[in-house]
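Dear colleague,

I am passing on the structure that I would like you to look at, and my notes on it follow below. Please read them with the coordinates open beside you.

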Amino acid sequence: MYEVWLLPTPTLLQGSGFRVLLLHRTRTSRRLGSSCSVEGKLNRSGITYMASSVPVKEESQQHLGCSVTGDSFIRHHLRKLSPYQPILPFEILSTRLGRKPEDIVKLDANENPYGPPPEVLEALGSMRFPYIYPDPESRSLRAALAEDSGIESEYILAGCGADELIDLIMRCVLDPGDKIVDCPPTFTMYEFDAAVNAALVIKVSRKSDFSLDVERIADVVEQERPKCIFLTSPNNPDGSIINDETLLKILALPVLVVLDEAYIEFSGIESRMSWVKKYENLIVLRTFSKRAGLAGLRVGYGAFPLSIIEYLWRAKQPYNVSVAAEISACAALKNPVYLENIKVALVQERERLFKLLREVPFLNPYPSYSNFILCEVTSGMDAKKLKEDLAKMAVMIRHYNNKELSGYVRVSVGKPEHTDALMECLKSLY
Ligand SMILES: Cc1ncc(COP(=O)(O)O)c(C=O)c1O
């Protein structure tokens with residue numbers, strides 16, 4: 001089961017007046033919402049081409065002479081881009097709820113509630129050269145990462161979060177109209193960045209147990225010749241992991257595999273960073289946001305085959321990792337005992353949270369290898385309303401009511417007191 005989204009290209013926009021998308025066999029799993037219902041017609045390869053119901057402005061503002069508007073300068077494919085839906089900033093949230101930030105139980109963005117080791121704040125406080133541009137090659141950080149990961153620094157490139165690296169990879173790999181494979185439900189930045197980069201997204205939905213549909217992926221790679229596939233292990237939002245056998249099958253396909261290991265530390269399995277030395281079509285991404293409590297400082301990194309990394313060096317912004325970000329990440333790596341302890345604390349708390357969520361009559365939690373737990377919302381309870389009811393009690397969780405995942409909530413693992421507060425609020429609802 002897969003579907004292809006043709007994100008608007010200039011030709012499509014001007015010609016049809018509609019965004020065009022391709023759909024192939026819709027899945028019937030109960031956990032998915034209904035698929036696009038607009039009629040389409042079959043092409044040679046049996047893929048249905050469909051028009052979405054999003055009308056596109058036909059006229060070009062450039063004809064309007066002096067009344068030209070700014071959006072006429074914007075690239076065609078970006079004019080209909082839906083903005084990424086970020087979560088509400090912490091301070092704004094606390095003002096809205098009329099509560100102090102420290103009284104909010106924030107379990108909606110998979111952040112690490114323990115924050116970084118004390119060395120990070122010390123290093124930031126004694127930063128000597130904030131007025132000098134950072135090292136464009138993040139040499140200190142890459143040397144520290146080489147020691148941390150066991151792979152030489154020449155394979156490593158750092159970025160302003162893993163998010164920056166996802167976009168950088170796409171900018172280096174994709175021409176407008178090229179295709180990527182996305183396996184929803186998953187991290188939505190792959191789809192978002194593909195739209196920004198004028199790429200087409202082929203969606204191969206996960207099976208009902210959230211495992212990858214490897215046979216369909218192989219079919220799609222053969223038929224559609226996508227440039228790359230984005231895989232996530234553990235996957236956000238369900239927390240499932242990809243085993244070696246599955247990964248090897250996908251690596252054998254003629255496609256660039258981007259393996260996002262943002263949550264790998266919580267999984268108990270080894271990172272595949274070193275595999276990039278063997279597989280020319282593998283990139284592995286990681287981040288300090290989750291493992292080191294540095295989400296606010298924005299530091300991610302990736303391991304790349306040497307034949308690929310040289311192009312990322314050429315295309316990246318020279319000062320993409322700030323002085324503060326590099327200092328913080330290096331300081332965090334200096335205290336591996338702290339990093340290990342907070343990981344163990346979160347993994348233990350995940351198991352306690354899972355057992356407690358299982359006792360809630362309207363929740364069906366999924367076992368997770370990550371620092372969050374996905375729950376199906378059952379017994380007639382509405383996922384959105386559940387999220388809103390908890391938010392009124394200053395407990396923030398994430399809900400899913402979209403085409404790919406409907407009637408689910410995701411709860412990040414916090415400290416034990418966060419679990420207790422969540423459970424108390426949930427109990428007040430039954
Ligand atoms: C799967 C996945 N990859 C990457 C990221 C972003 O990482 P970073 O904070 O390093 O940009 C997230 C953030 O939630 C994520 O869930």
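In this predicted model, an N or O atom in the side chain of N236 lies 2.9 Å from an oxygen atom of the ligand. Two further polar distances can be set beside that of N236: an N or O atom in the side chain of S289 is 2.6 Å from an oxygen atom of the ligand, while for A162 the atom concerned is a backbone N or O, at 2.7 Å from a ligand oxygen atom. The ligand taken alone would expose 390 Å², and 92% of that area is buried by the protein.

As for the surroundings of the ligand, 14 residues make up the shell, and those that come nearest are A162, D260, Y263, T287 and S289. Sorted by class, the shell holds 5 nonpolar, 5 polar and 4 charged residues. Two helices, helix 6 (161-173) and helix 10 (288-291), each supply at least two residues of this shell, and the largest share, 3 residues, comes from helix 6.

Turning to the backbone, there are two cis peptide bonds that you may wish to inspect. One runs from P184 to P185, with omega near -5°, and P185 sits in the loop that lies between strand 7 (179-182) and helix 7 (189-196). Another joins S233 and P234, where omega is about -5°, and P234 belongs to the loop between strand 9 (228-232) and helix 9 (244-251). A separate backbone point concerns F210, a residue other than glycine whose phi is nonetheless positive, near 70°; F210 is found in the loop between strand 8 (200-204) and helix 8 (214-224).

The last item is a helix pair. In general, two packed helices are described by the angle between their axes and by the distance between those axes. For helix 4 (residues 118-125) and helix 12 (residues 323-333), the axes come within 8 Å and cross at roughly 145°, and the crossing in which helix 4 passes helix 12 is right-handed. On the side of helix 4, the residues in contact are E119, V120, A123 and L124, and they meet A324, I327, S328, A331 and A332 of helix 12. By class, this contact comprises 7 nonpolar residues, 1 polar and 1 charged.

With best regards

Terms used: Residues numbered from 1 in each chain as written. Predicted model: local features only at pLDDT ≥ 70, side-chain atom pairs only at ≥ 80, totals over all residues. Heavy atoms only, no water. Axes fitted to C-alpha atoms, helices over the stretch in contact; angles between N-to-C directions. Helix = DSSP H or I, 4+ residues; strand = E, 2+ residues; numbered from the N terminus. Left-handed = near helix turned anticlockwise from the far one by under 90°. Contact = heavy atoms within 4.5 Å. Nonpolar A, V, L, I, M, F, W, Y, C, P; charged D, E, K, R; others polar. Near = heavy atom within 4 Å. Polar contact = N/O pair within 3.5 Å; in protein donor to acceptor, adjacent residues only side chain to side chain. Areas by Shrake-Rupley, 256 points an atom, 1.4 Å probe, with all protein chains shown as cover.
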